[in-house]
Amino acid sequence: MINKEKWDKLSDLMVQLHINEADLIEKFIIGSGKGGQKLHKTASTVYLKHMPSGLEIKCQESRSREDNRYFARMRLCDKVQSIVSNEKTKEQQKIEKLKRQKKRRSRRAKQKILDEKARQSDIKVLRKKPSSFE
């Protein structure tokens, strides 16, 4: 349950970003995925659309409708703030990091890595104890 203090902070942030409740279209959708019977029977997923910017948010972080309303508005504020300040949110940075990690290496980079491995193995061979000649 989100306390009144957090809701007040959120409403202050929305005022700073010029997001009015009247500009929001809010719908409640039946959720999907993990969460069991409670999630599949109730419409607790929140869909928010900010009419002036056209941003759409769909939030299903919690099984509680009230919590999801709060989280959806927080996400909306984050997106609007990132658009206004032209900086990337933590979520966007995380997504870009994953993309970089999954991206295929170029042939040149692969060859460089293999050359380094070969050089390292040559060094390791020199560490072996001398074998006896019998």
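**Figure 1. Annotated domain and overall architecture of the predicted model.** The unreviewed UniProt entry carries the annotation "domain: Prokaryotic-type class I peptide chain release factors", which covers residues 15-127. The model shown here and in the following views is predicted. Within the annotated span, residues 15-127, helix accounts for 55% and strand for 15%, and the end C-alpha atoms lie 67 Å apart. The protein as a whole contains five helices and three strands, arranged along the sequence in the pattern α-β-α-β-β-α-α-α. Its radius of gyration is 26 Å, well over the 14 Å given by the globule rule for 134 residues, so the protein is more spread out than a compact globule. The C-alpha trace spans about 90 × 40 × 30 Å along its principal axes. Of the 134 residues in the protein, 20% are buried. Among contacts with a separation of 6 or more, 41% are between residues 24 or more positions apart.

**Figure 2. Aromatic cluster of Trp 7, Tyr 70 and Phe 71.** Two aromatic pairs are counted in the model. In one of them, Trp 7 and Tyr 70 meet edge-to-face, with 5.4 Å from centre to centre and 70 degrees between the planes. Trp 7 belongs to helix α1 (residues 4-16) and Tyr 70 to helix α3 (residues 65-85), so this pair ties together parts that are 63 residues apart in sequence. The pair of Tyr 70 and Phe 71 is also described as edge-to-face, because the ring centres are 5.7 Å apart and the planes stand at 70 degrees, over the 60 degrees that the class requires. Ring pairs thereby link Trp 7, Tyr 70 and Phe 71 into a cluster. Tyr 70 has a relative accessibility of 9% and counts as buried, because the cut-off is under 20%. Trp 7, at 24% relative accessibility, counts as partly exposed, and Phe 71, at 23%, is likewise partly exposed.

**Figure 3. Arg 65 and the ring of Phe 28.** The view shows the charged end of Arg 65 positioned over the ring of Phe 28. The distance from this charged end to the ring centre is 4.1 Å.

**Figure 4. Surroundings of Asn 68 in helix α3.** Asn 68 is located in helix α3. Its relative accessibility is 0%, and the residue therefore counts as buried. With residues up to four places away in sequence left out, Asn 68 touches Ser 44, Thr 45 and Val 46, as well as Cys 59, Gln 60, Glu 61 and Ser 62.

**Figure 5. Arg 73 and its polar contact with Glu 21.** Arg 73 is placed in helix α3 and counts as buried at 2% relative accessibility. Its side chain makes a polar contact with the side chain of Glu 21, at 3.0 Å. When neighbours within four places in sequence are set aside, Arg 73 is in contact with Trp 7, Leu 10, Met 14, Glu 21, Leu 24, Glu 26 and Leu 48. Trp 7, one of these contacts of Arg 73, is also a member of the aromatic cluster.

**Figure 6. Arg 119 and Glu 116.** Arg 119 is found in helix α5 (residues 107-126). A relative accessible area of 45% makes Arg 119 partly exposed. The side chains of Arg 119 and Glu 116 make a polar contact at 2.9 Å.

Technical notes:
Residues are numbered from 1 along each chain as its sequence is written. This is a predicted model: local features need pLDDT of at least 70, side-chain atom pairs count only at pLDDT 80 or more; totals for chains, interfaces and linings use all residues. Side-chain values use heavy atoms; hydrogens and water are left out. Rings of Phe, Tyr and Trp (its six-membered ring) pair if their centres lie within 6.5 Å; planes under 30 degrees apart count as stacked, over 60 as edge-to-face and the rest as tilted. Helices (H or I, at least four residues) and strands (E, at least two) are DSSP runs, numbered from the N terminus. Buried means under 20% relative accessible area, exposed over 50%, partly exposed in between (1.4 Å probe, protein chains only). A charge sits over a ring if NZ of Lys or CZ of Arg is within 6 Å of the ring centre and within 35 degrees of the ring normal. Contact means heavy atoms within 4.5 Å. A polar contact is a pair of N or O atoms within 3.5 Å; within protein, one must be able to donate a hydrogen and the other to accept it, and residues adjacent in sequence count only if both atoms are side-chain atoms. UniProt positions are given in the numbering used here, feature names are shortened, and annotations may be inferred rather than shown by experiment. The radius of gyration is taken over C-alpha atoms; the globule rule is 2.2 Å times the number of residues to the power 0.38.
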